[in-house]
Amino acid sequence: MMLKSLIDAIEILESKDPLNLLRSELKGVEYEEKKIGEVTFIKVYYGSGGRERVEILGRLGAIQMQNTSKGLVSDADGAIVTLAVLLELLNLKEKGITLDIDVSFVTNISLNAKLIPHQPFNFMVPLIGLDEALKEEVDPKAGLILSIDSTKGNRLAKFDDFALTHVIKDGYILKLKDEVIDIYNRVTGHEVYLVSLTTGDLTPLDFNVYHISTLISPWLYTDSPVIGIATVSKQMIPGYVTGVQDIEMLEHASRFCLEMLKYVEGGGKVYDENELKELKEKLGESNLQRVKKWKT
């Protein structure tokens with residue numbers, strides 16, 4: 001049950017030593033811990049030899065800010081959802097239910113982050129910086145990346161449930177397939193909420209333009225499609241405050257990720273490949289390809 005897995009994930013991440021609890025919880029799975037400076041990444045691989053590989057990427061600066069506060073911060077949402085989906089897959093496996101798909105789970109379990117200037121609230125980014133973090137976070141073997149990021153400190157995406165971006169691929173913003181929107185509708189029980197992206201959102205963070213969050217920044221490090229899954233709020237909430245986790249929204253986002261894995265397992269596509277082909281034939285390669293950090 002996803003709600004139980006979500007609560008278990010929160011119990012682990014809000015502890016004083018979440019890494020120790022994770023090591024105990026994830027015995028018997030392909031688990032990697034990598035520390036760069038003061039930033040700790042975890043990478044867990046769910047393998048079945050499936051035809052497809054999807055990455056569930058929890059983006060954040062840190063799960064806690066132990067130097068200034070006590071408890072999980074708003075920015076922790078990406079890690080919470082990532083871990084909840086992983087625990088649910090492992091629970092299903094114990095019940096004899098496995099997915100014929102490979103999944104990599106990557107997130108940041110750091111207990112402090114740095115703040116950089118942004119309006120209306122400063123961004124939380126990993127202590128090693130965004131670019132160095134993304135180099136570690138993005139799985140180059142994944143054919144699809146679901147990027148989960150707390151996106152509450154803005155004036156644009158103001159909903160009472162999680163929101164999606166359209167697909168980012170090769171510098172183009174491509175419409176989500178209707179089947180993906182159907183999954184969202186079924187999971188949430190309401191119309192689709194979309195994050196309004198601008199061209200600036202596709203640029204590196206060092207461009208002096210507005211970025212709603214670092215939600216879709218992984219596209220800069222992959223040729224695979226990226227979908228942003230944003231935990232949002234009707235109020236403007238900075239990433240570094242505590243006491244703002246919305247259990248219903250987090251459960252919806254986690255369940256959406258699981259249903260997306262099932263969809264991809266069944267051969268589902270997230271965008272219309274003919275539309276991308278048409279755009280490239282009529283317009284050529286996107287100029288945004290020039291700012292990518294990773295090249296094939």
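Helices (H or I, at least four residues) and strands (E, at least two) are DSSP runs, numbered from the N terminus. The model is predicted, with local features needing pLDDT of at least 70 and side-chain atom pairs counting only at pLDDT 80 or more, while totals for chains, interfaces and linings use all residues. Residues are numbered from 1 along each chain as its sequence is written, and side-chain values use heavy atoms, leaving out hydrogens and water.

A good place to start is helix H3, residues 77-94. Its end C-alpha atoms are 26 Å apart, in agreement with the 26 Å expected for 18 residues at 1.5 Å a residue (the expected span being 1.5 Å times one less than the number of residues). Of these 18 residues, 15 are buried, so H3 is mostly covered; buried means under 20% relative accessible area, exposed over 50%, and partly exposed in between, with a 1.4 Å probe and protein chains only. Just after H3 comes Gly96, with a positive phi of about 90°.

Two loops also deserve a look for their backbone geometry. In the loop between strand E5 (114-116) and strand E6 (123-125) lies Pro120, and the peptide bond leading to Pro120 from Gln119 is cis, with omega near 5°. Asp170 sits in the loop between strand E8 (163-169) and strand E9 (172-174). Although Asp170 is not a glycine, its phi is positive, at about 55°. Asp170 counts as buried because its relative accessibility is 8%.

At the start of the chain, Met1 belongs to the segment before helix H1 (2-13). Met1 is exposed, since its relative accessible area is 62%.
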